[in-house]
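The report below follows strand pairing, salt bridges and nonpolar cores in turn, with the rule behind each term given where the term is used.

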Amino acid sequence: MSYSSAGLVEKGRVMPGDVLATIEEFLPGEGVYVDGERGLIRAAAPGVAYLDMSRRVAYVKPHKKPQTPGLGSEVAALVTGVRGDLVVAEVYGVVRLSPKPSWLYELPSPYSAAIPISQIADEYIKNIEDYYRVSDWILAKIVSRTPPFTLSTVEPKYGVVYAMCSRCGAVMEFQSERSMKCPRCGNVEKRKVSIHARSRLLRIRLVRNLVVYRR
């Protein structure tokens, strides 16, 4: 954090969902939104956060050039439908999975996408819901050039990283590359699970930037 003679406090780089201040201390400016449930002012876009101490305004100066995914991008997406031999999803952010998983940036708005059954896994698929279900957060790779994107999850690094138990609603944990287990009720459900589902840091980042963002 640095201070200027004009009373402007730079809080550094932020990602969507990061907290800038409380609504009791500051007014929301550009590039932020109010989390009314917690009384917080959060960043709405990637950029640099500032606190204007004279006007008591918190705002974010966004990065100049909007970033968009393309062919070969690795992305985080939410499954929104399972229809016959197709999984429908919305792409919310771009990630990098090697040499280690890391979050790159949030998209200004979600992109529509789909996973054809041939791009789900490198095996015969009898029941597509044994691989993905609605509300699963997944990692995938874009294999088309323009939206609506076609996604692929064939490689082991792609698949579910965050899923809710269909029995009790708790967040499920990695059990194997083909199943997740509920730590609360013990329910085991089939999924096509990413090997990165074991990464606690990545799961926290997804929840922080994506689940909060969608409220």
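Strand 3 and strand 6 (residues 40–43) pair in the antiparallel sense over three bridges, where strands are DSSP runs (E, at least two residues) numbered from the N terminus and two strands count as paired if DSSP finds at least two bridges between them. Within this pairing, Ala21 has Ile41 of strand 6 as its bridge partner. The model is a predicted one, in which local features need pLDDT of at least 70 and side-chain atom pairs count only at pLDDT 80 or more, while totals for chains, interfaces and linings use all residues. Residues are numbered from 1 along each chain as its sequence is written, and side-chain values use heavy atoms, with hydrogens and water left out.

The pairing belongs to an open sheet of three strands, in the order 3-6-5 and with antiparallel pairing. Strand 3 (19–22) and strand 5 (32–35) each have a single partner strand and stand at the edges, so one side of each is left without a neighbour in the sheet. On average, and with direction ignored, neighbouring strands of this sheet are turned by 30° against each other; the axes behind this angle are lines fitted to C-alpha atoms, and angles run from 0 to 180 degrees between N-to-C directions.

**Salt bridges**

A salt bridge is taken here as a side-chain nitrogen of Lys or Arg within 4 Å of a carboxyl oxygen of Asp or Glu, and by this rule the count comes to nine. The table lists three of these pairs.

| Pair | N to O distance |
|---|---|
| Asp35 and Arg38 | 3.6 Å |
| Arg178 and Glu123 | 3.7 Å |
| Arg191 and Glu189 | 3.0 Å |

Burial is judged by relative accessible area, under 20% being buried, over 50% exposed and the range in between partly exposed (1.4 Å probe, protein chains only). Asp35 is buried at 8%, whereas its partner Arg38 is partly exposed at 42%. In the pair formed by Arg178 and Glu123, Arg178 has a relative accessible area of 29% and is partly exposed, and Glu123 is likewise partly exposed, at 42%. Arg191 and Glu189 are both buried, and these two residues are linked with Arg133 and Asp136 in a network of salt bridges.

**Nonpolar cores**

In soluble globular proteins, nonpolar side chains tend to be buried together. A nonpolar core is defined here as a set of buried Ala, Val, Leu, Ile, Met, Phe, Trp, Tyr and Cys residues joined through side-chain atoms within 4.5 Å. The largest such core has 43 residues, and those with the most contacts inside it are Ile120, Tyr132, Ile138 and Leu151. Among the strands that each supply at least two residues of this core are strand 9 (74–83), strand 10 (86–96) and strand 13 (149–152), and strand 10 gives the most, with six residues.

Which residues does Ile138 touch, not counting those up to four places away in sequence? With contact meaning heavy atoms within 4.5 Å, they include Val75, Val79, Ile115, Tyr132 and Val161. Apart from the largest core lies another, of 12 residues, and among them are Val9, Val32, Ile41 and Leu51. Ile41 is thus named both in this core and as the bridge partner of Ala21.

**A loop residue**

Pro147 lies in the loop between strand 12 and strand 13 and is partly exposed, at 43% relative accessibility. Although Pro147 and Ser112 are 35 residues apart in sequence, their C-alpha atoms are 6.7 Å apart in space.

Definitions and conventions. Helix = DSSP H or I, 4+ residues; strand = E, 2+ residues; numbered from the N terminus.
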